[in-house]
Amino acid sequence: MSSERLGEFIKKVFTDGDFKQAFLSDPNNVMDKFGLGKQAKTAILSIGVVAIAGATDVTRVLAVVDPTQIWFG
Amino acid sequence: MSPGCWRSLTPPKSGSDRAEILQCGFQPVYQEKQAECVTSEIGALVASSRGDPALQNMLRTWVFDRDRKGSDERQSPWPFLTLHVCEAICGAWEHAVPAATAIELFVAAADLLDDIEDGDYEFLVEHGYSIAQAINAVAALLMLGQEAVTHLLDKKVRPRTVISVTQVLVSSGVVACSGQHAEFECKAGDISEEEYVRLVEMKSGALTECACRVGALLATDDKRIISSYALFGKKLGVAGQLANDARSSISSRPGQSDIARKKMTLPIIYGLKQADGPEATFLRSIFTGPGDVTPEMESEARRILVALGAVHYTLVLAQMERQEALDVLESSGISIEANARLLSSVGLDKGHTGLG
């Protein structure tokens, strides 16, 4: 799991308004330019660009990634 | 089913209720049959043991009731993982029930130890048990789990395979204990993301890997297939733990969260790494400084983590693990159709789509 670049990417989406807008407008292009790997891009797109940009209730994002909530906790 | 049964899903009252439950990945009717088999096996094991009735009662109470602590109706998924994997590969699951029972007892023991280690005495207080009794019960659960494995012989499973199942349970348990031990040695605020993920693989990953590997061992001799399902289980466990970390960072009860306990999890490690200026100083003061975390500090830390994208970052990593789990399964040589029940039970079927 290579996550250094992904961490920087998510932080930028959450703290840089212009970057967030660019990501929402053209997610593939922005992710490519940022150098995200294929796995990270696929994961983000499978969850949903709007959701990853923080514009969706986070509990709904949780429901996508962990629909059964059965393992731990 | 009898009161106190481990499998507590209430049958849905209408078609739409049923559809909703199925959409959530559960299969009430089918799993009820499997659950009854495992419940019956556990009940027989406890009853036939030569233990004191008071101990037997404590074991039953813990194993059957512990999944209702959160007041929802969720059930232990562990036995189903073993049974679904076995069925996906060979088309049958009944002969794997003793192994699924062993997994359930094994995880029940681990859950009880976790509560003791986390200082969560809700169950003990509610039922009037001491910590010493809980530790004793953990030992009994582990031993009953070993006995459960021997019942595979009654199902005509080959002795060689029974030995392999025992070896997997033991080695997985030691790996999980090693992960727990390493976590105790970590100083708060002094663990890298790579180290944390390695610990998750050893703890959560080892248990799900074990459940899947055992199910595969009871279905085939093909080492490649067995390895594929074991890796699938490991990825699934890591994904589940990361999702749990994310959930815990935003929704735990005040005073019970990972923040309040200064427990290093991925969102917190991410936050400590990504925060700047006063927010970084604040987070470090919480996780590396002395003293308790007040509700106000907990709330502010949570706000900072959410604002930095810590929850979303953790969920993306969890999703990557889920994708890898699916990839592994697709390359196993077993059709997706055969794996449908397994995938549905863990929320990896096509019914679960993104938010767009």
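# Reasoning through a two-chain predicted model

Mentor: Chain B comprises 15 helices and 0 strands, and we should keep in mind throughout that this is a predicted model. Of the 356 residues in chain B, 54% are buried, and among its contacts between residues at least 6 apart in sequence, 76% join residues at least 24 apart.

Trainee: Why is B:Val346 called buried?

Mentor: Its relative accessible area is 2%, and buried means under 20%, so B:Val346 is buried. This residue is found in the segment after helix 15 (340-345) of chain B, and its C-alpha atom is separated by 11 Å from that of B:Leu326, which is 20 residues apart from it along the chain.

Trainee: What makes B:Asp349 partly exposed?

Mentor: The relative accessible area of B:Asp349 is 21%, and the partly exposed class runs between the limits of 20% and 50%, so B:Asp349 belongs to that class. B:Asp349 also has its place in the segment after helix 15 of chain B, where, not counting residues up to four places away in sequence, B:Asp349 touches B:Leu343 and B:Ser344.

Trainee: And why is B:Lys156 called buried or exposed?

Mentor: With a relative accessible area of 75%, set against a limit of over 50% for exposed, B:Lys156 is therefore exposed. B:Lys156 sits in the loop between helix 7 (131-150) and helix 8 (159-185) of chain B, and its phi is near 65 degrees, a positive value in a residue other than glycine. B:Lys262, in the loop between helix 10 (223-251) and helix 11 (266-274) of chain B, likewise has a positive phi, near 55 degrees, and is a residue other than glycine.

Trainee: Which residues touch the most other members of the largest nonpolar core?

Mentor: They are B:Leu218, B:Tyr229 and B:Phe232, in a core of 70 residues. Helix 5 (residues 97-118) of chain B gives the most to this core, namely 12 residues. Leaving aside neighbours within four places in sequence, B:Phe232 is in contact with several residues, including B:Cys212, B:Ala325, B:Leu342 and B:Val346. Another core, of 56 residues, lies apart from this one, and among its members are A:Phe19, A:Ala51, B:Leu283 and B:Leu317.

Trainee: How do you know on which side of helix 3 of chain A the buried residues lie?

Mentor: In helix 3 (residues 27-34) of chain A, the buried residues are A:Pro27, A:Val30, A:Met31 and A:Phe34. Because they cover an arc of only 95 degrees around the axis, they are on the same side of helix 3 of chain A. The buried residues of this helix pack against helix 1 (4-15), helix 2 (17-25), helix 4 (38-47) and helix 5 (49-52) of chain A, and helix 3 of chain A is followed by A:Gly35, whose phi is positive, near 85 degrees.

Trainee: What makes the pair A:Lys11 and B:Asp276 a salt bridge?

Mentor: The N to O distance between these side chains is 2.9 Å, and the cut-off is within 4 Å, so the pair qualifies. The structure holds 15 salt bridges over all chains. A:Lys11 lies in helix 1 of chain A, whereas B:Asp276 lies in the loop between helix 11 and helix 12 (277-288) of chain B, so the pair joins two chains. At a relative accessible area of 17% A:Lys11 is buried.

Trainee: How many salt bridges are counted between chain A and chain B, and which helix of chain A supplies the largest share of the side that touches chain B?

Mentor: The count between the two chains is 3 salt bridges, and 13 residue pairs are in polar contact across the interface. The largest share of the side of chain A that touches chain B comes from helix 1 of chain A, with 8 residues. The contact takes 38 residues from chain A and 49 residues from chain B, and the chains bury about 4000 Å² between them, 66% of it on carbon and sulfur atoms.

Trainee: Why are B:Glu209 and B:Arg213 separated by about one helical turn?

Mentor: Both lie in helix 9 (residues 193-217) of chain B and are 4 residues apart, which means a separation of about one helical turn. They form a salt bridge whose closest N and O atoms are 3.1 Å apart. B:Glu209, at 22% relative accessibility, counts as partly exposed, and B:Arg213, at 25%, also counts as partly exposed.

Key. Residues numbered from 1 in each chain as written. Chains lettered and ligands numbered in written order. Predicted model: local features only at pLDDT ≥ 70, side-chain atom pairs only at ≥ 80, totals over all residues. Heavy atoms only, no water. Core = buried A, V, L, I, M, F, W, Y, C linked by side-chain atoms within 4.5 Å. Buried < 20%, exposed > 50% of the residue type's maximum accessible area, 1.4 Å probe, protein only. Contact = heavy atoms within 4.5 Å. Arc of directions from axis to C-beta. Buried area = accessible area lost by both parts, 1.4 Å probe. Polar contact = N/O pair within 3.5 Å; in protein donor to acceptor, adjacent residues only side chain to side chain.
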